[in-house]
Amino acid sequence: MRDFIKQYKKNKSAVLGFFIVVLLIFMAIFAPWIAPHLPADQDLVHRLTPPMWEEGGLHQFFLGTDDFGRDLFSRIIYGARISLMVGAISVGMSLSFGLTMGMLAAYFGGKVDLFIMRIVDIMLSIPAILLAIVVVSILGPSLTNAMIAIGIVGIPTYARVVRASVLTEREKEYVIASRINGSSNMRLMFKVILPNAATPIIVQSTMGFASAVLEAAGLSFLGLGAQPPTPEWGAMLSDSLQFITTAPWMIFYPGLAIFLTVLGFNLMGDGLMDVLDPKLKDK
Amino acid sequence: MNLIEVKNLKTYFFSDEGEVNKAVNNVSFEIPQGKTVCIVGESGSGKSITAMSIMQLIDHPGRIVGGEIILEESNLLKLSDAQMRKVRGRDVAMIFQEPMTSLNPSYTVGYQIDEALRLHHKELNKQQRFDKVVEALDLVGIPDPKEKYGEYPFKLSGGQRQRVMIAIAMACEPKLLIADEPTTALDVTIQAQVLDLMKKLQDETGTSILFITHDLAVVYQIADEVVVMYRGHIVEKASAKELFENPKHPYTKALLNSIPKPGVTPRKSRLDTVDDTVDYLSFPKEIR
């Protein structure tokens, strides 16, 4: 573990990513204490107030207000909660299904493999955002359904990653050795093989978190995700479209939040990939 | 008394095009209680498949198509999967050629020895199992067994890993230990140590050993009886002494001739090879 941290620290951008992620989690947990206003509180007198350092800015609205006079800073902070929730739940969902499917396909091989991987191929052949839109339009637009949609869209990627890494481990002699000691299939799959195949899965999950956040923002932007007055970053972007020339801060700061979140998780994923590489581990 | 009897074992591999590869064809031999039987033969002669057949770990596209494997009066081929899982590890254990990949890199050495005990000896508690694991590590000659309990495999040398593999295999005191070329990946000094260790353990526990190798020097050191396999068939079966002193089958003779003999084989001369153009199966089998 100490080696692990040491290796990770060497990668400066990975450390940056880690801090962005920690900051985000901090914001999400302590949102009610950090945010000066409630996310849905309207102050109609101070509609479209610019950020405090610009002309006409007010000190109680740090990043300005939107067209209903809601404090942008508070909404972005509360938005971190939603983005993290979306990421965690949809990644959790894709991971649990993808892991099971990939594991079964690789472990049993043959017809099982063929059957599962063809389903995966079919899912992959449909563009992700389109598939998500289909799912949402069947289930109806809401944040929960958007999470389900993103979760389903992610399944094939995880299934492929899991399958590939299980395939390489499955043939190693320690698996046969464990079978010879009388291990059952379940035990072989989840206790013997999985820990050794986990590295790419962890990396994929971290990166997948970023794309889940981005996709959720995309769906909300299209009006298929979070519904008003939920302070979701993507929804905030779409609200601000008509004010793009008069109140650019409304589109800039939520966009920046999305950008930093995605960047943070991707940098962290990259760093983890370098550190967890089994070739470096053996040294 | 024979611990295990293999009768007319046939393991075939079936290709999608309908071809059949008779990897093990009508093989019969028996392993007496507390003795070591060696299977020798070149690559692809069906040695390892015979061992895997005893364990019933033949995967698709292979299948055991006929024969009997009788371990103490029960036919292993008739057992259900669940019953067979109990036999594996408890009654029959196995060690492999490649000590570098035979241990799971994610778990400590102690944990992996403990695993077999936990599966087959449910009556032991944690402390008793720990003691047994340390005892097993000590028995196979690992220094500081208590310290090594928590080590991960990558910190051990090849010889030490093979010792750990033997400790895992012997932890449940199996009746039969199958060793599939356990010394091939080790250098000669370590090889001798491992062979000595196996002999010592056999004397102490009375385990029978089925030893698979292509190294006749190893056979000479460890075998009580030798089975010579060629293209899925047994061509000669004899006690080790008889086989080395008086090989009868032409294939066995060819095999023995291909080893250089100090003082006999002239320097820088070419060694004899096993002539591939001869159909050794056409000669009568020498089964003694």
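**View 1. Val40(B) and Thr213(B) face each other across two paired strands of the predicted model**. Thr213(B), the residue opposite Val40(B), belongs to strand 8 of chain B. Strand 3 of chain B, residues 36–40, runs parallel to strand 8, residues 208–213 of the same chain, and 5 bridges join the two.

**View 2. An open sheet of 7 strands in chain B**. The strand order is 6-7-8-3-9-10-11, and the pairing is mixed. Strand 6 (92–95) and strand 11 (286–287) of chain B form the edges, each pairing on one side only. Helix 7 of chain B, residues 158–170, packs on this sheet and touches both strand 6 and strand 7 (176–180) of chain B. The direction of helix 7 makes about 170° with that of strand 6 of chain B.

**View 3. Antiparallel pairing of strand 1 and strand 4 of chain B**. Strand 1 comprises residues 2–14 and strand 4 residues 62–71 of chain B; 8 bridges connect them in the antiparallel sense. Within this pairing, Tyr12(B) has Arg63(B) in strand 4 of chain B as its bridge partner.

**View 4. The hairpin of strand 4 and strand 5 of chain B**. Strand 4 of chain B also pairs with strand 5 (residues 74–75) of chain B, in the antiparallel sense and over 2 bridges. Leu71(B) is placed opposite Ser74(B), a residue of strand 5 of chain B. There are 2 residues between the two strands of the hairpin, and Glu72(B), which lies in the turn, has a positive phi of about 45°.

Note on methods: Residues are numbered from 1 along each chain as its sequence is written. Chains are lettered from A and ligands numbered from 1 in the order in which they are written. This is a predicted model: local features need pLDDT of at least 70, side-chain atom pairs count only at pLDDT 80 or more; totals for chains, interfaces and linings use all residues. Two strands pair if DSSP finds at least two bridges between them. Two residues are in contact if their C-beta atoms, placed from the backbone, lie within 7 Å. Axes are lines fitted to C-alpha atoms, for helices over the stretch in contact, and angles run from 0 to 180 degrees between N-to-C directions.
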